[in-house]
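Biologist: I would like to learn how to read a model like this one. Could you take me through it feature by feature?

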Amino acid sequence: MPSHIESQKLLKKNKNYIPGGVVSVNRGIEPEIAFARGKGSRIWDVDGNEYIDYHAAFGPHFLGHNDPYVTEAVIRELRDGASLFGSGTTKLEGQLAELICKHVPAVESLQMLNTGSEATYQALRLGRAATGKNHIIKMQGGYNGWHNDVACNLMTPLSELGSRRSPGEYSFQAISAGIPPEHQRLVHSINFNDLESVRYVCEKYPVGALITEPVLQNVGIIKPNPGYLNGLRALADEFGFVLIFDEVKTGFRHAIGGYASIANVRPDLVVFGKAVANGYPMAILGGRRDLMERFVDPSASKRVLLAGTYNAHPLPTVAAIATIERLLMNGGEVYRHVEALGEIMEAGVQAIIETMSLNAVIVRQGSAFCVYFMDHAPQDWHDLASSHDFELDTAFRRALVDRGIYAFPQATKQYSLSAAHTQADVQTTLRQIEESLNFVMGAGQETVSMRARPKS
Ligand SMILES: Cc1ncc(COP(=O)(O)O)c(C=O)c1O
């Protein structure tokens, strides 16, 4: 059992200056560990414990921590006098924009921001401006950032949400205080994979935009049913709303072109973040040129304001360029590598589930996967929330962390492989997964609910 004494000391000290001692509320999680260093597939905490990392800081580190190629590019840029000028264009932003427009089919032109939340905020603002319609649709179980439109309906308890309705929508369940009720009435949450509910909402309200992750990846991995994303495209065309794919988690991780390129569906706007710059703060909002031109429309009443002191800061920009170069090397070797590791992981976990006769399933998309303690891959939030054993999931993750595998210790969070993970890492992880499952399923684990005990 690793000691976390230094982590606890640091947290206690930081509580004097930071509410809760941790910035970004979702990072405050037990066990309370303060990390200090990362390299490749490994991270180390301030007590010196080493972990194989599957959290990847909520997703960005697709190439692994401190990928040498990206790090070298950033250092070179700093040595060459990189600075922020805040006036006029730069070679670097043009270079990154050209690369992305060339490799992402849905992107004809783009803007650069610092975080996924900023980019989804602007995408929705642009959707409303372009259509003149203020209502929007988002997914129950989808996370699209912290701002008023989307800070709602993530992991809402079913007791508050009510039972499944289709067609239908769910009441606004804020995940933040301070969202005015007038604003809440413009946001309609529906279940993923439910086209009928999109139609239902569009027939009742003037919908300007629908935002969705193409694979729901903030509650594990919920894949689109065949035809679902195409169905959204058809409904966007029929009702005239702007279709926004939030690829903050899926973009670059599954393909440079985003999941949209895998599904062969073209959204009107697309948002990338996280893996775009392998851990540096960069987000991209791109899409149809006619929509993007709104940001420079000569008419003040049509123009959408997008500004930001740090947008296209040279360090994240050069990191994003280097990340793309890495992803393109040797005909996409990185993608072949993570797919091969993902296959081994999936088969290994599946074999453990079968050997132990567990009521569990592994769902994987490329380098991202999740183990659910239920008998099928979830289709939407209602399905997941009513079937998955959250308590067991949390206990399992804590057991993994105790064994040197850093899976974020909160139920349903995605596990992420990276280009830096090796077959040896995966084999070590599989051994620890088996041990952890044996531990949490073992006698005396009173916290583990009966639902996920072995099938008899
Ligand atoms: C799908 C998705 N969209 C948007 C965001 C918000 O991105 P950021 O945290 O960079 O603001 C996240 C963050 O987890 C996300 O997963």
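Modeller: We will go through the ligand site, then the sheets, then some backbone details. Keep in mind that this is a predicted model.

Biologist: Let us start with the ligand. Which residues surround the ligand?

Modeller: A residue counts as part of the shell if one of its heavy atoms lies within 4 Å of the ligand. Here the ligand is surrounded by Thr 115, Gly 116, Ser 117, Tyr 143, Asn 144, Gly 145, Glu 213, Asn 218, Asp 246, Val 248, Lys 249 and Lys 274.

Biologist: How do the residues of the shell divide into nonpolar, polar and charged?

Modeller: Two are nonpolar, six are polar and four are charged. Glycine is put with the polar group in this count.

Biologist: Which N or O atoms of the protein should I look at around the ligand?

Modeller: For a polar contact, look for a pair of N or O atoms within 3.5 Å. Ser 117 places a polar side-chain atom 2.6 Å from a ligand oxygen. In the side chain of Lys 274, an N or O atom is 2.8 Å from an oxygen atom of the ligand. Tyr 143 takes part through its backbone, with a polar atom there 3.3 Å from a nitrogen atom of the ligand.

Biologist: What share of the ligand does the protein bury?

Modeller: The ligand taken alone exposes 390 Å², and 84% of that is buried by the protein.

Biologist: Now the sheets. How do strands of a sheet pair?

Modeller: They pair through backbone hydrogen bonds, and the sense is either parallel or antiparallel. One open sheet in this model has seven strands, in the order β4-β10-β9-β8-β7-β5-β6, with mixed pairing. Its edge strands, β4 (109–113) and β6 (187–191), each pair on one side only. From one strand to the next, the twist averages 20°.

Biologist: In which sense do β9 and β10 pair?

Modeller: Strands β9 (residues 269–272) and β10 (residues 283–287) are antiparallel and share four bridges. To find the place on screen, look for Leu 269, which stands opposite Gly 287 in β10.

Biologist: Which strands does helix α8 lie across?

Modeller: Helix α8 (residues 228–239) lies across β5 (135–140), β6, β7 (207–212) and β8 (242–247). The helix runs at about 145° to β8.

Biologist: What is the strand order in the sheet of four strands?

Modeller: That open sheet runs β1-β2-β3-β13, again with mixed pairing. At its edges are β1 and β13 (405–406), each pairing on one side only. Strand β3 (residues 50–53) runs parallel to β13 and is joined to that strand by two bridges. Asp 53 has Tyr 406 as its bridge partner in β13.

Biologist: Last, the backbone. Which peptide bonds are cis?

Modeller: Read omega for this. The bond from Glu 30 to Pro 31 is cis, with omega near -5°, and the bond from Ser 166 to Pro 167 is cis with omega near 0°. Pro 31 sits in the loop between α1 (5–14) and β1 (35–39), while Pro 167 sits in the loop between α5 (158–161) and α6 (181–184).

Biologist: What is the phi of Ser 24?

Modeller: Ser 24 has a positive phi of about 70°, although this residue is not a glycine. Ser 24 lies in the loop between α1 and β1.

Notes. Residues are numbered from 1 along each chain as its sequence is written. This is a predicted model: local features need pLDDT of at least 70, side-chain atom pairs count only at pLDDT 80 or more; totals for chains, interfaces and linings use all residues. Side-chain values use heavy atoms; hydrogens and water are left out. A polar contact is a pair of N or O atoms within 3.5 Å; within protein, one must be able to donate a hydrogen and the other to accept it, and residues adjacent in sequence count only if both atoms are side-chain atoms. Accessible areas come from the Shrake-Rupley method with a 1.4 Å probe; for residues, only the protein chains shown count as cover. Two strands pair if DSSP finds at least two bridges between them. Axes are lines fitted to C-alpha atoms, for helices over the stretch in contact, and angles run from 0 to 180 degrees between N-to-C directions. Contact means heavy atoms within 4.5 Å.
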